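Dear colleague,

Please find below the structure that I am handing over to you. My notes on it follow directly after.

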Amino acid sequence: MDIEWLQDEVIDWRFKAVPHTLLGSTVRDALARRPGIRRDRFPSPVVALDRADLEHNLTTMADWCRASGLDLAPHGKTTMAPALLHRQLELGAWGITAATPAQARAFRAFGVPRVLLANEFVHPDGLDWVGAQLADPGFDFLCWADSPEAVRAMAGPRPRPLDVLVEVGSRGGRTGARTPAEALRTAEAIDAEPSLRLAGVGGYEAPAGPDLDDVRAYLHALREVAEALHPVEDMVVTAGGSAYFDLVASILRGPWRTVLRSGTYLTHDDEHYAGVSPLGDTPRLDAPALRSAWRVWAQVQSTPEPGLAILAAGKRDLPHDLGLPFPVDLDGEVTALNDQHAFLRTPAAPRVGEWVRLGISHPCTTFDKWSLLPVLDGDGETVVDLVRTFF
């Protein structure tokens, strides 16, 4: 997977994360200057990654999966960043997970050798595209089906059969066969279609939560289908978001390749995943805890009334779907976000121009707001990399 081309991209008006003094430079030349977040006056808000915490999380998850006898196909939609996907593959990732055909095309363009599309795949354009890609024997592709109707939509001539996993769902969840019997009927339909190959079983356990017993019950149903289908040649059994991968490991390991698809572990966060991850603030696993790799600051641009500071950061910059940002180093609460403003209620009386550090939740809806993300050295100031995303 070649990522050197990222260093030659010119930094220009498309990238809101950098000061005007870096415009016109290539990424390579900008990094050679060792810019600083404060000394080079990066604009508000600063949303950056800490290099040491990022590497800690990457190696922690890779080591735990290896020690647990699991493969990892991290969800690439979290970052859509070739450099970070490359590092995950370097550390032994079995493949990269996509949620849509467009994401799969991006990963293929990045040079990812194996893509798992963890979703139904019935659109004819996408199916035509993957059919053309299967002419390359060095590229592996797997996807899901949850009904005989989906199987019929996926049939068609290809250079080699398309690997398809039966998806097992949960009541009230998203896609997926709702009962083991329905899943097995789908498996029979896949097996009967010459242009497809039955490759295993997949699912997503988070919709069954947050009760851990409900998650366990769902995973046992998925295992029931896997046991009924075993032995399938080169069988894959996959589940595992970022909240219950410990339960996936304990229930789904078996005489097949068990693949986790956790994605947000890479950066973790300051609140949501810090609370629910098996390697979060209340760990359920005997392994190093994950650390939030996010470093976020916003500048106070107005103090229009006592107890209120308006920060130069908003919905276009920060995640808000799993909780609002919150101040880390002073008392107070962010009570609302507009597109470009945050309402900080605080007794601390910050002054106009001051910087406030914020904690955030949900990496997936942070990455997609930034096409270029600074990576900081241990001093918390010096930019040692610029991570490019492609959403």
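**Glutamate 9 and its surroundings**

Not counting residues up to four places away in sequence, glutamate 9 touches Arg14, Phe15, Ser25, Thr26, Val27 and Arg388. Please bear in mind throughout that this is a predicted model. Glutamate 9 is found in the segment before α1, the helix that covers residues 27-32. Its relative accessibility is 18%, and because the limit for a buried residue is under 20%, glutamate 9 counts as buried.

Two of the residues touched by glutamate 9, Arg14 and Arg388, also meet it through polar contacts. The side chain of glutamate 9 makes a polar contact of 2.8 Å with the side chain of arginine 388. A further polar contact, of 3.3 Å, joins the side chains of glutamate 9 and arginine 14.

**Salt bridges**

In general terms, side chains of opposite charge can pair when their charged atoms come close. The structure holds 26 salt bridges, and I describe a few of them here.

Arginine 14 and glutamate 9 form one of these, with 3.3 Å between the closest N and O atoms. Arginine 14 is partly exposed, at a relative accessible area of 38%, whereas glutamate 9 is buried. Glu9 and Arg14 also belong to a network of salt bridges in which they are linked with Asp12 and Arg388.

A second salt bridge is formed by aspartate 317 and lysine 16, whose closest N and O atoms are 3.1 Å apart. This pair links distant parts of the chain, 301 residues apart: aspartate 317 lies in the loop between β11 (308-311) and β12 (326-327), and lysine 16 in the segment before α1. Aspartate 317 counts as buried, at 4% relative accessibility, while lysine 16 counts as partly exposed, at 40%.

Aspartate 339 and arginine 316 provide another case, their side chains meeting in a salt bridge of 3.4 Å from N to O. Here too the pair links distant parts of the chain, with the two positions 23 residues apart in numbering: aspartate 339 is in the loop between β13 (333-337) and β14 (342-345), and arginine 316 is in the loop between β11 and β12. Aspartate 339 counts as partly exposed, at 38% relative accessibility. Arginine 316 is partly exposed as well, with a relative accessible area of 49%.

**The parallel sheet**

Strands of a sheet pair through backbone hydrogen bonds, either parallel or antiparallel. Which arrangement do the eight strands of the open sheet show? Their pairing is parallel, and their order is β2-β9-β8-β7-β6-β5-β4-β3. The edge strands are β2 (71-72) and β3 (96-98), each of which pairs on one side only.

Within this sheet, strand β6 (residues 162-168) runs parallel to strand β7 (residues 196-203), and seven bridges join the two. Valine 166 has valine 201 in β7 as its bridge partner.

**The annotated domain**

According to an unreviewed UniProt entry, residues 293-377 are covered by the annotation "domain: D-serine dehydratase-like". Over these residues the chain is 5% helix and 44% strand. The C-alpha atoms at the two ends of residues 293-377 are 12 Å apart.

With kind regards

Conventions: Residues are numbered from 1 along each chain as its sequence is written. This is a predicted model: local features need pLDDT of at least 70, side-chain atom pairs count only at pLDDT 80 or more; totals for chains, interfaces and linings use all residues. Side-chain values use heavy atoms; hydrogens and water are left out. UniProt positions are given in the numbering used here, feature names are shortened, and annotations may be inferred rather than shown by experiment. Helices (H or I, at least four residues) and strands (E, at least two) are DSSP runs, numbered from the N terminus. Buried means under 20% relative accessible area, exposed over 50%, partly exposed in between (1.4 Å probe, protein chains only). A polar contact is a pair of N or O atoms within 3.5 Å; within protein, one must be able to donate a hydrogen and the other to accept it, and residues adjacent in sequence count only if both atoms are side-chain atoms. Contact means heavy atoms within 4.5 Å. Two strands pair if DSSP finds at least two bridges between them. A salt bridge is a side-chain nitrogen of Lys or Arg within 4 Å of a carboxyl oxygen of Asp or Glu.
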